[in-house]
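Reader: I've got a structure to look at and I'm not sure where to start. Could you walk me through it?

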Amino acid sequence: MDAKYSKKGELSLLTPEEYRQTCAKAERYLNRAGIVITDAERQEMQVAEYGLGMLESIGLSLVVYVNTDRCCAKELILFPHQTCPEHKHPPVGGYVGKEETFRCRYGKVYLYVSGDATPNPAAVLPPGKEEFFTAWRQIELSPGDQYTLQPNTWHWFQGGPEGAVVSEFSTKSLDEHDIYTDPAIDAGLKRRA
Ligand code: ZN
């Protein structure tokens with residue numbers, strides 16, 4: 001795919017039309033969760049595809065409500081079996097790194113963290129990217145369930161068969177410092193959860 005669409009200066013392999021369609025689809029998921037966004041938030045919706053060009057299996061859509069020096073809140077939209085790739089939020093200077101709480105609002109999300117591997121995990125791995133998923137302790141979140149992740153711990157997550165809407169509450173988000181297992185992902189250019 002040659003076309004590159006840069007929203008707010010970010011590299012993306014999405015065309016403007018793909019971006020628009022993805023945002024519209026993501027908003028339908030928000031509606032299913034009963035979540036209303038403003039026109040301004042709609043204009044600022046983000047689609048992370050991590051420069052991989054495989055949005056259907058690796059990527060997510062985001063609405064960022066707030067990201068200050070002390071706190072951050074977002075909605076994350078995952079289409080069916082769409083995956084936020086494995087990453088961690090390391091310490092930066094005097095900051096211990098981002099702590100995150102994920103709360104499922106719609107559908108189901110399979111969250112994977114370091115620890116004892118769950119037998120027969122539910123996630124469907126993105127084709128060709130299997131080696132870049134190493135955390136296999138599965139936490140299944142349905143609407144109303146939530147989980148808090150400590151800073152600097154490996155994690156990744158995937159929407160269930162009906163997709164998912166997940167609210168994220170966290171400390172400060174410093175996307176450009178995040179570390180990904182897949183070396184093809186350059187954190188400096190991408191947005192994530
Ligand atoms: Zn994260």
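Reader: Which side chain does a polar contact of 2.7 Å join to that of E168?

Author: Before we start, keep in mind that this is a predicted model. A polar contact needs an N or O pair within 3.5 Å, and the side chain in question reaches E168 at 2.7 Å. It also makes a polar contact of 2.7 Å with the side chain of E100. The residue you're after is K98.

Reader: Where along the chain is K98, and is K98 buried or exposed?

Author: Look between strands β4 (83–88) and β5 (100–113), and you'll find K98 in the loop there. Its relative accessible area is 3%, and anything under 20% counts as buried. So K98 is buried.

Reader: Which residues coordinate the zinc ion?

Author: Donors are N, O and S atoms within 2.8 Å of the metal, and here the distances run from 2.0 to 2.6 Å. In sequence, the donor residues follow the spacing H-x1-H-x10-E-x54-H. Three of the names come with an NE2 atom, while E100 is listed twice with OE. That gives H87, H89, E100 and H155.

Reader: How many residues apart in sequence are H87 and H155?

Author: H87 lies in strand β4 and H155 in strand β8, so the pair ties together separate parts of the sequence. Both H87 and H155 are buried. Their separation in sequence is 68 residues.

Reader: On to the rings! Why is the pair F133 and W156 called edge-to-face?

Author: There are 8 aromatic pairs in the count, and this is one of them. The ring centres of F133 and W156 are 4.6 Å apart, and planes over 60 degrees apart count as edge-to-face. The label fits because the planes of F133 and W156 are at 65°.

Reader: How many residues apart are F133 and W156, and are they buried or exposed?

Author: F133 sits in the loop between β5 and β6 (137–141), whereas W156 is in strand β8 (residues 155–170), with 23 residues separating them. The relative accessibility of F133 is 5%, and that of W156 is 0%. With the cut-off for buried at under 20%, F133 is buried and W156 is buried.

Reader: What angle lies between the planes of W136 and W156?

Author: W136 and W156 are 5.1 Å apart, centre to centre, and their pair is edge-to-face. This pair also links distant parts of the chain, 20 residues apart: W136 is in the loop between β5 and β6, and W156 is in strand β8. Ring pairs link both of them into a cluster with Y112 and F133. The angle between the planes of W136 and W156 is 85°.

Reader: Which residue lies over the face of F79?

Author: For a charge to sit over a ring, NZ of Lys or CZ of Arg has to be within 6 Å of the ring centre. In this case the distance to the ring centre is 4.1 Å. For another example, R32 lies over the face of Y29 at 4.3 Å. Over F79, the residue is K25.

Reader: How many disulfides does the structure hold?

Author: Two cysteine sulfurs must be within 2.5 Å to count. For C72, which is buried at 4%, the closest cysteine sulfur is in C71, and 7.5 Å is too far for a bond. C84, buried at 0%, has its closest cysteine sulfur in C72 at 13 Å, also too far. The number of disulfides is 0.

Reader: Leaving aside neighbours within four places in sequence, which residues is V92 in contact with?

Author: V92 is found in the loop between β4 and β5, and at 23% relative accessibility it counts as partly exposed. One of its partners is 85 residues away in sequence, yet the C-alpha atoms are 7.5 Å apart. The contacts of V92 are L174 and H177.

Reader: Is H81 buried, partly exposed or exposed?

Author: H81 is in the loop between β3 (72–78) and β4, and it has a positive phi of about 60° although it is not a glycine. Its relative accessible area is 28%, and the middle class runs between the cut-offs of 20% and 50%. H81 is therefore partly exposed.

Terms used. Residues numbered from 1 in each chain as written. Predicted model: local features only at pLDDT ≥ 70, side-chain atom pairs only at ≥ 80, totals over all residues. Heavy atoms only, no water. Helix = DSSP H or I, 4+ residues; strand = E, 2+ residues; numbered from the N terminus. Buried < 20%, exposed > 50% of the residue type's maximum accessible area, 1.4 Å probe, protein only. Polar contact = N/O pair within 3.5 Å; in protein donor to acceptor, adjacent residues only side chain to side chain. Phe/Tyr/Trp six-rings, centres within 6.5 Å; stacked < 30°, edge-to-face > 60°. Lys NZ or Arg CZ within 6 Å of the ring centre and 35° of its normal. Donors = N, O, S within 2.8 Å, 3.2 Å for Na, K, Ca; no water. Contact = heavy atoms within 4.5 Å.
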